[in-house]
Amino acid sequence: MWLRHQTRQVSVKDVQIGGGAPVSIQSMTNTKTEDVSATVAQVQALAQAGCDIVRVAVPHEQAAQGLRDIVRDSPIPVVADIHFDYRLALAALEAGVHKLRINPGNIGARDRVEAVVAKAAERGVPIRIGVNSGSLPKDILEQMGRTPAAMVESAWRHIRILEELDFHNIVVSLKASSVPLTIQAYRLMAAQGPYPLHVGVTEAGTAESGTVKSAVGIGAILAEGIGDTLRVSLTGDPVQEITLARQILQSLELRRNFVEIISCPTCGRCQIDLAQVADAVQARIGHLAVPIKVAVMGCAVNGPGEAQEADVGIAGGKGAALLFRRGSVVRKVPEKELVETLVAEVEQIAAAKAGN
Ligand code: SF4
């Protein structure tokens, strides 16, 4: 178990962030928010994949008008992402969103900030301050450059505005597209403030480069015990962000409530098409939000032994494989039935766990 950095706890509807709560997974829809049915469909797909909190962009009045129905139909808490316009923030709060992502220093006149903060306080809605290395204030940039300290100073500027209004229901993010800059900024912020941190590497990129940057950046921060909630940013379908987020959390053993598929790299002992079996099993059951470990191993020499802790697994032989549960061999299964057999086994275990 990792020693986690201690932070205040905030509640986003029924999901807690910080203060020892499990690291939650977030994503953001990429539909037009005013297209309520498309947005709700994507929110549901994200929730089913294991997303805990979803964010929607609210760039204009039409988008704000869709929020009430989205909040009503979303199975998970909804965050409104707003830049500058305090009227949109007020409309989002009226619509019942569970969190705001807005930078108070960018809202404008003091009375506007006060109106948003008062309504958020009245509704118990947290505010995430989101610093992005690409949009630091000009004076900070001139004095400090694009540095971790500049990002943290920019965050404090927004935090102080909220603190002056006695508002402490705050989450902070400090995203950069540079992994070293991101890691150092989070380290610095964690040493300075009690607020829970939303971790991410922004504009991480397409599936392949984004996966590596996110895994390295977010993984390094979490491995230092920093970070209370995270979002993986990938260009494309946001559901793949959830898959990757789960894998990052699982590999650090921070959350183990998802299907985990382990497979061997294969070697000269392997006599079945293991990659095909592993890919097919991943595609069929990899999305299930149940804590089941599945081992797909190439041979019986090391297979069951290497995967002792797996709930279920296979160890390849010649045109067939041994099926095992918790390291004990159950029976031999022909190669062409392996995928169906593993899927059926996992579904059975999942049903048994759900019945408990
Ligand atoms: Fe090779 Fe067997 Fe190990 Fe897979 S499980 S890498 S096939 S020895």
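Two strands count as paired if DSSP finds at least two bridges between them. Helices (H or I, at least four residues) and strands (E, at least two) are DSSP runs, numbered from the N terminus. The model is predicted: local features need pLDDT of at least 70, side-chain atom pairs count only at pLDDT 80 or more, and totals for chains, interfaces and linings use all residues. Residues are numbered from 1 along each chain as its sequence is written, and side-chain values use heavy atoms, with hydrogens and water left out.

**Stop 1: the open sheet**

Select β11 to β15. These five strands form an open sheet with mixed pairing, in the order β11-β12-β13-β14-β15. At the edges are β11 (260-263) and β15 (328-334), each of which pairs on one side only. On average, neighbouring strands of this sheet are turned by 20° against each other, direction ignored. Angles here run from 0 to 180 degrees between N-to-C directions, and axes are lines fitted to C-alpha atoms, for helices over the stretch in contact.

Look first at β11 and β12 (residues 293-297), which run parallel and are joined by four bridges. Ile-261 has Val-294 of β12 as its bridge partner.

Then move to β14 and β15, which pair in the antiparallel sense over six bridges. Phe-324 stands opposite Val-329 in β15. The hairpin of these two strands has two residues between them, and Arg-326 takes a positive phi near 45° there.

**Stop 2: the helices on this sheet**

Add α10 (residues 274-285). This helix lies across β11, β12 and β13 (312-316), and runs at about 160° to β12. Next show α12 (residues 338-355), which packs on the sheet and touches β12, β13, β14 (320-325) and β15. The direction of α12 makes about 160° with that of β13. Contact means heavy atoms within 4.5 Å.

Select Ile-285 in α10. Is Ile-285 buried or exposed? Ile-285 counts as buried because its relative accessibility is 0%; buried means under 20% relative accessible area, exposed over 50%, and partly exposed in between (1.4 Å probe, protein chains only). Leaving out residues up to four places away in sequence, Ile-285 touches Val-259, Ile-261, Val-294, Val-343 and Val-346. Measure from the C-alpha of Ile-285 to that of Leu-342: the separation is 9.3 Å, for residues 57 apart along the chain.

**Stop 3: the ligand**

Which residues surround the ligand? Select Cys-264, Thr-266, Cys-267, Arg-269, Cys-270, Gly-298, Cys-299, Asn-302 and Glu-306. A residue is near a molecule if one of its heavy atoms lies within 4 Å of it. This shell divides into four nonpolar, three polar and two charged residues. Ala, Val, Leu, Ile, Met, Phe, Trp, Tyr, Cys and Pro count as nonpolar, Asp, Glu, Lys and Arg as charged, and the others, Gly among them, as polar.

**Stop 4: the barrel**

Now select β3 to β10. Eight strands make a closed barrel with parallel pairing, running β3-β4-β5-β6-β7-β8-β9-β10. The twist averages 25° from one strand to the next.

Three bridges join β3 to β4, which run parallel, and Gln-26 stands opposite Ile-53 in β4. Four of the five residues of β4 are buried, so this strand is largely enclosed by the rest of the structure. Further round, β8 (residues 170-175) and β9 (residues 197-199) pair in the parallel sense over two bridges. Val-172 has Leu-197 in β9 as its bridge partner.

**Stop 5: α1, α8 and α9**

Show α1 (residues 36-49), whose 14 residues should span 20 Å at 1.5 Å a residue; the end C-alpha atoms are 20 Å apart, which agrees. The expected span is 1.5 Å times one less than the number of residues. Thr-39, Val-40, Gln-42, Val-43, Leu-46 and Ala-49 are buried in α1. Their cover includes β3 (24-28), β4 (53-57), α2 (61-73) and α9 (239-251). After α1 comes Gly-50, with a positive phi near 120°.

Continue to α9, which has 13 residues and reaches 19 Å from its first C-alpha to its last, close to the 18 Å expected. Its buried residues include Glu-241, Arg-246 and Gln-250. The buried residues of α9 pack against β3, α1, α8 (207-223), β10 (229-231) and β11. Glu-253, which follows α9, has a positive phi near 55°.

Finish on Ser-214 in α8. Ser-214 is buried, with a relative accessible area of 0%. Among the residues that Ser-214 touches, not counting those up to four places away in sequence, are Leu-244 and Ile-248.
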